[in-house]
Amino acid sequence: MAVNSYDALLKITEQLNSMLESKQLLDQIMDIAMDAVSAERGFLLLKTAGDTDFEAVTARNISDDHISSIRELSSSVVNKVLVEGDPLLAVDALEDKRFSGAESIMMHNIRSVMCAPILQSNTLIGAIYMDSRSGAGKFTSENHGFLLDF
């Protein structure tokens with residue numbers, strides 16, 4: 001059952017204030033965020049120190065062999081967000097013209113997907129990605145708004 005977006009943001013704030021271990025904190029934040037939008041899978045990418053590359057700092061419901069190459073899960077979606085810096089919502093990614101021919105969408109049968117940049121002082125430092133293979137229309141503009149508030 002999805003939780004209220006405001007309740008989820010409150011839980012995230014509480015976690016931020018109560019945990020000192022960053023990996024544990026990121027895992028908890030991802031769990032709360034995924035529960036809030038009823039996502040099937042998700043991951044959080046952060047820029048590596050002093051680099052232009054990004055690494056997965058937490059992921060949910062993604063096999064270990066995909067973790068090292070996590071952007072391959074939906075490279076078309078993640079790369080679009082990281083390059084353009086704009087959030088993205090696709091109600092039905094398989095039918096969305098922005099992703100026609102995108103191998104990652106077809107190969108993983110991704111139906112609903114959303115991804116948003118994570119900014120710090122207007123500088124892109126990462127992205128949060130969530131998807132569902134269970135059907136089109138899984139995510140709403142309200143869910144996407146929640147992700148943007150992240």
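In helix α4 (residues 75–84), the residues Val77, Val78, Val81 and Leu82 are buried, where buried denotes under 20% relative accessible area with a 1.4 Å probe and protein chains only. Viewed down the axis of α4, the buried residues fall within an arc of 120°, so they line one face of the helix; the arc is that of the directions from the helix axis to the C-beta atoms. An α-helix has 3.6 residues a turn, so residues three or four places apart point the same way.

The model is predicted: local features need pLDDT of at least 70, side-chain atom pairs count only at pLDDT 80 or more, and totals for chains, interfaces and linings use all residues. Numbering starts from 1 along each chain as its sequence is written, and side-chain values use heavy atoms, without hydrogens and water.

Helices (H or I, at least four residues) and strands (E, at least two) are DSSP runs, numbered from the N terminus. The buried residues of α4 pack against β1, β2, β3, α5, β4 and β5, contact being heavy atoms within 4.5 Å. Just after α4, Gly85 adopts a positive phi of about 75°.

Five strands form an open sheet in the order β2-β1-β5-β4-β3, with antiparallel pairing; pairing requires at least two DSSP bridges between two strands. β2 and β3 are the edge strands, each pairing on one side only. Five of the seven residues of β1 (residues 41–47) are buried, so this strand is largely enclosed by the rest of the structure.

| Residue in β1 | Opposite residue |
|---|---|
| Phe43 | Ala59 in β2 |
| Phe43 | Tyr129 in β5 |
| Leu45 | Ala127 in β5 |

How values were computed:
Buried means under 20% relative accessible area, exposed over 50%, partly exposed in between (1.4 Å probe, protein chains only).
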